[in-house]
Amino acid sequence: MNTAQPVTVGIAQLVPVPGEPEHNETVATEAIDALAGQGCSVVVLPELWACGYRSESLPRDAAAVAEPVDGPRARRFAALAARHGILLCAGTFVESAGGLLYNTALVFDSTGELVLAQRKVHLYPPGGEPEVFAAGSRFETVDTAELGRIGCAICFDGDFPETARELAAAGAGVVLAPAAYETDAESWWDTLYPAHAITNGQWWIMANQQCGPGVPMLGGSRVLAPDGRTVAAAARGTGEAELLLSRIDVAAERERVAPAVRLLAHWHTAG
């Protein structure tokens, strides 16, 4: 599915407070309301915004907000998507299923239906994730009215070229990327993702946490075009939440770069 109309995308770059899920949810809800009120038809939140991401307390913080994908917090965000009539990537939730916890991105369509639940496949060892979460097994895609076919890459998932390639092979022209990307990996953020966009002709819509007390997150949420250009970016290292808006023409830009993508694909196959 291709989208023929330009859309306004909104990213909520949040500063979650670890161990304060009610406060974090209030802030996230207000951000969605504000972005929808400014005309966004797509809104993306960061990774683990409800519990925050502080490695030393992550096991406790994650367990405190865990729920099934149809749990009460998820239902509240489904209702938000329906009320505003938006495609909402509600960041990642701590999903409880079968006695395990997963770091799972939830995407709701404009009617509030859950259309994609993507479990994080690559767990980040320095953050202690393998001791907290079970890993997902595959990447999924879904067709949307606003962006065409999309997939999700959750933070560390996106560091691997194979992730972008697998999603592209499944037809995803847009990747939504909720993240809690740390300052120490800034060079990866700046280098890997434009390369993914170029080599796969994909849009990357990346919502990162901003730094908070004792949590060295990078910020720098952004929208990358299929030629690797940054078309909109949020601040880094301010410790302040920020709302980022970008008007994008998904289909036109993908069509423009298609010859280069075919050329790269030819040489990749030939090699």
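**Helix 3 and the two sheets**

Okay, let's start right at the end of helix 3: the helix is followed by Gly-85, and the phi of Gly-85 is positive, near 65°. Before I go on, remember that this is a predicted model.

So, backing up into the helix. Helix 3 covers residues 72-84, which makes 13 residues. From first C-alpha to last, helix 3 reaches 19 Å, close to the 18 Å expected at 1.5 Å a residue.

Which residues of helix 3 are buried? They are Arg-73, Ala-74, Phe-77, Ala-78, Leu-80 and Ala-81. Those residues sit on the same side of helix 3, because they cover an arc of only 155° around the axis. Here's the textbook bit: an α-helix has 3.6 residues a turn, so residues three or four places apart point the same way. Flip to the other side of helix 3 and you find Arg-75 and Arg-83, both exposed. I'd keep the arginines apart in your head: Arg-73 is on the buried list, whereas Arg-75 and Arg-83 are exposed.

And what covers those buried residues? The cover includes helix 1 (21-37), helix 2 (58-65), strand 3 (87-97) and strand 4 (100-108).

That takes us to a sheet. Strands 3 and 4 belong to an open sheet of 6 strands, in the order 5-4-3-2-1-14, with mixed pairing. Strand 5 (114-119) and strand 14 (242-248) are at the edges with a single partner strand each, so one side of each has no neighbour in the sheet. From one strand to the next, the twist averages 25°. Looking at one pair, strand 4 and strand 5 are antiparallel and share 5 bridges; Val-107 has Leu-116 in strand 5 as its bridge partner.

Helix 1 packs on this sheet, touching strand 1 (7-13), strand 2 (42-44), strand 3 and strand 14. The direction of helix 1 makes about 35° with that of strand 14. Helix 3 packs on the sheet too, touching strand 3 and strand 4, and its direction makes about 170° with that of strand 3.

Now over to another sheet. Here 6 strands form an open sheet in the order 6-7-8-9-12-13, again with mixed pairing. Strand 6 (141-144) and strand 13 (230-233) are the edge strands, each with a single partner strand, so one side of each is left without a neighbour in the sheet. Neighbouring strands here are turned by 20° against each other on average, ignoring direction.

One pair to click on: strand 8 (residues 174-179) and strand 9 (residues 203-208) run parallel, joined by 6 bridges. Ala-179 stands opposite Asn-208 in strand 9.

Conventions
Residues numbered from 1 in each chain as written. Predicted model: local features only at pLDDT ≥ 70, side-chain atom pairs only at ≥ 80, totals over all residues. Heavy atoms only, no water. Helix = DSSP H or I, 4+ residues; strand = E, 2+ residues; numbered from the N terminus. Expected span 1.5 Å × (residues − 1). Buried < 20%, exposed > 50% of the residue type's maximum accessible area, 1.4 Å probe, protein only. Arc of directions from axis to C-beta. Contact = heavy atoms within 4.5 Å. Pairing = 2+ DSSP bridges. Axes fitted to C-alpha atoms, helices over the stretch in contact; angles between N-to-C directions.
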